[in-house]
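This report looks at one protein chain from the outside in, taking its open and enclosed spaces before a handful of single residues. Please keep the sequence and the structure in view while reading.

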Amino acid sequence: YTTLFRSQLEFTQYRIHQRVIGDQLFYLAEAAVEGVQPRFAQAQTTDRLRDKLRVPETEFNPAAPSIARIYDFLLGGKDNFAADRAQAAQVLEVFPHAADLAVQARRFQARAITHVAQAGISQFLDVGCGLPTTPNTHETAQAAQPDARVVYVDNDAQVLSHARNLLAASGDVLAMAGNLAYPAEIIYDWRVRAFLNFHQPVCLILAMTMHFFPPDEAQKITRRFIRALPAGSYVIMSVVGGQPKLGQDLARAYTAAPVYNH
């Protein structure tokens with residue numbers, strides 16, 4: 001309780017308390033005054049909670065290439081800037097089929113979601129969802145399961161802004177901030193637990209994300225997610241991989257984030 005008290009003294013604009021969610025203990029911070037961002041944060045340690053209260057999401061910066069916006073450009077989208085297009089051009093110079101790979105990965109995702117929804121699954125957790133791209137996860141899932149519920153998770157401010165604006169009218173969709181590197185903070189988030197029923201199967205989507213983590217870390221993150229899923233759940237995953245030389249060239253060309261060839 002000493003660390004909890006210190007956190008409360010440091011962040012007086014929040015009410016900070018402990019809560020057991022599932023079988024995990026978390027520290028929660030809820031805004032006590034207007035105009036504070038984030039309005040809510042949840043973490044397993046007080047140090048991590050402090051980090052989230054200081055920088056809750058990746059800040060919007062059009063001058064620096066963004067993973068989500070580069071992918072948007074490769075998919076033929078319009079939510080990107082000069083820095084993103086320049087980075088994409090470097091990738092395409094090394095691997096001319098990168099745009100086709102992105103499109104095929106998106107089509108695979110849609111086919112997989114349809115397959116899972118037709119199997120009777122009506123709950124989807126899309127982590128690292130990226131910018132909205134038609135068809136979106138909820139559109140594909142609800143075409144097969146009209147009552148499907150979808151949680152979108154990302155840590156990019158622009159992604160969250162677009163997702164929340166797009167999904168504001170839907171009661172079956174939730175968009176929230178979350179960092180893929182901290183699986184427990186996502187899968188035990190009280191909003192996720194209130195929105196999805198973890199006594200029933202859930203489909204976890206990790207699309208074109210895990211190549212941004214070293215192999216050992218990617219394996220640990222995936223394992224932590226899977227262990228927390230209910231029996232009968234599904235995982236949809238796509239990841240970049242290829243010949244070692246091509247992987248090395250892509251890693252050098254891609255500067256928006258470290259890339260690992262799994």
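A cavity, as the word is used here, is a set of grid points where a 1.4 Å probe fits but cannot get out. In this predicted model, the structure holds 1 cavity of 30 Å³ or more.

**The enclosed space**

About 70 Å³ of space lies in the largest cavity. Its lining is made up of 13 residues, and those closest to the centre are Cys129, Gly130, Pro132, Asn136 and Tyr152. Helix H7, which runs over residues 157-167, gives the largest share of this lining, namely 3 residues. When the lining residues of the largest cavity are sorted by class, 7 are nonpolar, 4 are polar and 2 are charged.

**The open space**

A pocket, in contrast to a cavity, is an open set of points, and the largest pocket of the model holds about 930 Å³ of space. Its lining counts 44 residues, with Ile67, Ala68, Met208, Phe212 and Tyr254 lying nearest the centre. Two or more residues of this lining come from each of helix H3 (67-74), helix H5 (98-118), strand S4 (123-127) and strand S5, and H3 provides the largest share with 6 residues. By class, the lining of the largest pocket comprises 28 nonpolar, 11 polar and 5 charged residues.

**The chain as a whole**

How many helices and strands does the chain have? The secondary structure comes to 11 helices and 8 strands. The C-alpha trace spans about 55 × 40 × 35 Å along its principal axes. Because a compact globule of 262 residues would have a radius of gyration near 18 Å, the value of 19 Å for the chain agrees with that expectation. Buried residues make up 45% of the 262 residues. Among the contacts with a sequence separation of 6 or more, 60% are between residues 24 or more positions apart.

**Four buried residues**

The table sets out the relative accessibility of four residues, each of which can be compared with the cut-off for a buried residue, under 20%.

| Residue | Place | Relative accessibility |
|---|---|---|
| Gln145 | loop between H6 (137-144) and S5 (149-154) | 17% |
| Met208 | loop between S7 (203-207) and H10 | 14% |
| Thr222 | helix H10 (residues 215-228) | 14% |
| Ser238 | strand S8 (residues 234-238) | 10% |

Gln145 counts as buried because its relative accessibility is 17%. Leaving aside residues up to four places away in sequence, Gln145 touches Ala117, Gly120, Ile121 and Ser122. With one of these neighbours there is also a pairing of particular atoms, since a polar atom of the Gln145 side chain lies 3.1 Å from the backbone oxygen of Ala117.

Is Ser238, at 10% relative accessibility, buried or exposed? Ser238 counts as buried. Apart from residues up to four places away in sequence, Ser238 is in contact with Phe108, Leu206, Ala207, Met208 and Thr209. Ser238 and Leu101 are 137 residues apart in sequence, while their C-alpha atoms are 11 Å apart in space.

Thr222, with a relative accessibility of 14%, also counts as buried. Its contacts, again without residues up to four places away in sequence, are Leu206, Met210 and Met237. Leu206 therefore appears in two lists, as a contact of Thr222 and as a contact of Ser238, where a contact means heavy atoms within 4.5 Å.

**Backbone features**

Met208 has already been named among the residues nearest the centre of the largest pocket and among the contacts of Ser238. Its phi angle is near 50°, which is a positive value in a residue other than glycine. Met208 belongs to the loop between strand S7 and helix H10, and counts as buried at 14% relative accessibility.

Which peptide bonds are cis? One joins Gln37 to Pro38, with omega near 0°, and Pro38 lies in the loop between strand S2 (24-31) and strand S3 (40-43). Another joins Thr134 and Pro135, with omega about -5°, and Pro135 is in the loop between S4 and H6.

Notes: Residues are numbered from 1 along each chain as its sequence is written. This is a predicted model: local features need pLDDT of at least 70, side-chain atom pairs count only at pLDDT 80 or more; totals for chains, interfaces and linings use all residues. Side-chain values use heavy atoms; hydrogens and water are left out. Helices (H or I, at least four residues) and strands (E, at least two) are DSSP runs, numbered from the N terminus. Buried means under 20% relative accessible area, exposed over 50%, partly exposed in between (1.4 Å probe, protein chains only). A polar contact is a pair of N or O atoms within 3.5 Å; within protein, one must be able to donate a hydrogen and the other to accept it, and residues adjacent in sequence count only if both atoms are side-chain atoms. On a 1 Å grid over the protein atoms alone, a cavity is a set of points where a 1.4 Å probe fits but cannot get out, and a pocket is an open set with protein on both sides within 12 Å along at least five of seven lines; lining residues have an atom within 4 Å of a point. Grid points are joined across faces, edges and corners, and a volume is the space filled by probe spheres set on the points. Ala, Val, Leu, Ile, Met, Phe, Trp, Tyr, Cys and Pro count as nonpolar, Asp, Glu, Lys and Arg as charged, and the others, Gly among them, as polar. The radius of gyration is taken over C-alpha atoms; the globule rule is 2.2 Å times the number of residues to the power 0.38.
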